[in-house]
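Trainee: Could you take me on a close look at the salt bridges in this model, and at the surroundings of one of them? I'd be glad of one connected account.

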Amino acid sequence: MNKVGRNDPCPCGSGLKYKKCCLDKDRPAAVLSSEEFAATASAIAWLKKNYEDEVDDAICETYLGGTHQEYLDTLRALPPGPKGMLEINIGEWLVSDAVIEVGGKRVRAVDLALGPGGPLLTAHGKEWVKAIGENPLSLYEVQEVNPGEGLTVKDLLRSDAPVAKVTERTASRSLVKWDIFGARIAQRPDGHVFTGAIYPMDRRRALACRDEIIDELRREKDADEEIYRETVGTTIADYWLEQFTEEPRLPQVVHASTGDPVSLTVDHFTVADWNALTSILSAQPDVEGDIDDGWIRFEPMKDQMRRLRASLTKKSANTLEVFCPTLKLADAARRWLEKIAGTTVRFKAREIVDPMSPKAMAAARGKPPKEEIPPELKAQVEREFLRRHYERWPDEPVPALGGKTPIAAVRTKKGRQAVIELLKDFEVHEGRKAQIEGSEPFDFGFLWERLGLEKERA
């Protein structure tokens with residue numbers, strides 16, 4: 001949450017300088033936040049000064065899980081953004097959840113900071129540090145976003161917790177509905193606020209984190225408040241830190257229709273007789289095209305829709321290229337072509353390109369720019385395409401649902417939840433895309449309604 005300078009552009013997006021726009025409106029909240037920030041910083045500095053060894057041990061052994069030197073070196077080498085966030089998160093953990101050994105006794109660090117001999121804090125500063133200590137970290141799912149104003153969030157770890165409206169100017173401009181993140185919420189006179197620490201992560205990672213916390217707490221049948229706070233706090237921190245310390249992996253691209261990994265595959269065939277091959281392909285009911293424009297082999301689907309299986313192109317006087325988007329489709333296309341064409345064609349070689357490889361990326365970047373289309377027309381075409389695509393989705397088998405259609409999957413409790421997660425993934429993706437492009441996100445409401453899931457979306 002970066003501080004906005006007087007001469008910086010106003011965060012509200014008006015185009016005016018902050019001092020000419022929202023400075024006066026934000027001033028009371030800014031003064032309060034400054035006092036809270038100062039109190040938290042004083043408490044952290046006092047703890048580190050008076051209990052240096054105990055604090056270091058708590059951070060290394062509990063927050064970071066007793067990790068080895070190589071891991072610590074990786075954290076020290078983090079870029080400024082994540083490194084600054086880590087320092088904020090560790091500091092807040094100290095004054096909220098940390099328990100240290102003092103004189104042979106385990107004592108909450110926040111009790112030491114607020115006790116006799118603690119740092120000099122204003123009355124409100126003490127109340128703020130106390131509020132941080134009273135509110136445990138949790139995982140929150142965004143239910144509604146009001147950019148520049150705040151968020152409505154749901155606690156994913158405490159089912160009895162009410163949905164909370166949180167005032168937050170900065171995060172509300174970057175988060176979208178169904179995003180999940182770790183945070184701590186406190187009550188202020190003007191409503192709920194995040195206390196400063198934030199643990200952003202992608203939705204699937206966050207759900208795995210939630211499941212691990214719930215499983216761990218189930219095993220700890222008699223978990224008291226200290227065990228609860230330690231389990232939740234350290235697990236969220238672990239999953240969040242994994243994003244920066246694990247080996248980076250490129251996302252696997254999967255074919256939308258088959259669910260198979262996308263491997264752009266081109267098979268090269270030598271052609272002995274083009275006239276014979278043209279006659280053979282023309283006789284196939286699932287093939288369209290000609291020798292000049294190339295042939296397309298398709299698979300019929302519902303509502304007169306078709307799915308591409310392979311494209312065949314004459315590349316030279318004696319070479320045919322057969323392109324398929326996945327290796328599985330390429331193997332099937334080769335068997336099919338050799339069966340119908342016989343000795344008319346002879347397989348020469350296969351070329352496979354990973355769509356996320358440097359070669360594919362370089363080729364994509366090197367493509368000439370396409371002719372510009374008006375943004376309004378482009379948005380209209382995209383929305384119509386998405387609408388048609390997703391209208392068929394409930395009736396099509398989905399690999400992520402074990403091959404069931406969404407319509408069939410929602411009949412069971414487990415399948416229903418899986419469909420909900422897929423819909424939320426769709427909305428997060430489209431929401432992020434719209435945020436980047438400055439457009440309105442695609443509305444998936446008709447899908448939720450058709451699948452009988454309106455209540456789960458609300």
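Mentor: Happy to, and let's begin with R203. In this predicted model, R203 has a relative accessible area of 6%, so it falls under the 20% limit and counts as buried. R203 forms a salt bridge with D425, and their closest N and O atoms are 4.0 Å apart. The two residues come from distant parts of the chain: R203 belongs to helix α7 (residues 203-219), D425 to helix α14 (residues 413-437), and 222 residues separate them. What is the exposure of D425? With a relative accessibility of 22%, D425 is partly exposed, because that value lies above the 20% limit for a buried residue. This pair also has company: R203 and D425 belong to a network of salt bridges that links them with E141, R204, E421 and K424.

Stepping back for a moment, the count for the model comes to 29 salt bridges. Another one joins D97 to R184, with 3.0 Å from N to O. This pair, too, links distant parts of the chain, 87 residues apart: D97 sits in the loop between α4 (80-94) and β1 (99-102), and R184 in strand β6 (residues 180-188). Here both partners, D97 and R184, are buried.

Now to the salt bridge whose surroundings I'd like to show you. R350 and D267 pair up with their closest N and O atoms 2.6 Å apart. Since R350 is part of strand β13 (residues 345-353) and D267 part of strand β8 (residues 262-271), the contact ties together parts that lie 83 residues apart in sequence. The two ends differ in exposure: D267 is buried at 2% relative accessibility, whereas R350, at 29%, is partly exposed.

Which sheet holds these two strands? They belong to an open sheet of 6 strands in the order β9-β10-β11-β12-β8-β13, and the pairing is antiparallel. At the edges are β9 (287-290) and β13, each of which pairs on one side only. From one strand to the next, the twist averages 20 degrees. So R350, in β13, sits on an edge strand of this sheet.

On its other side in the order, β8 is next to β12. Those two strands pair in the antiparallel sense over 7 bridges, and T265 has C324 in β12 as its bridge partner. Strand β12 (residues 319-326) is largely enclosed by the rest of the structure, because 6 of its 8 residues are buried.

Moving along the sheet, β12 is also joined to strand β11 (residues 306-316), through 5 bridges and again antiparallel. Across this pairing, K314 stands opposite L320 in β12. The connection between β11 and β12 is a hairpin of 2 residues.

Finally, look at what lies across the sheet. Helix α10 (residues 327-341) lies across β8, β9, β10 (294-300), β11, β12 and β13, and runs at about 145 degrees to β12. That list includes both strands of our last salt bridge, β8 with D267 and β13 with R350.

Definitions and conventions: Residues numbered from 1 in each chain as written. Predicted model: local features only at pLDDT ≥ 70, side-chain atom pairs only at ≥ 80, totals over all residues. Heavy atoms only, no water. Salt bridge = Lys/Arg side-chain N within 4 Å of Asp/Glu carboxyl O. Helix = DSSP H or I, 4+ residues; strand = E, 2+ residues; numbered from the N terminus. Buried < 20%, exposed > 50% of the residue type's maximum accessible area, 1.4 Å probe, protein only. Pairing = 2+ DSSP bridges. Axes fitted to C-alpha atoms, helices over the stretch in contact; angles between N-to-C directions. Contact = heavy atoms within 4.5 Å.
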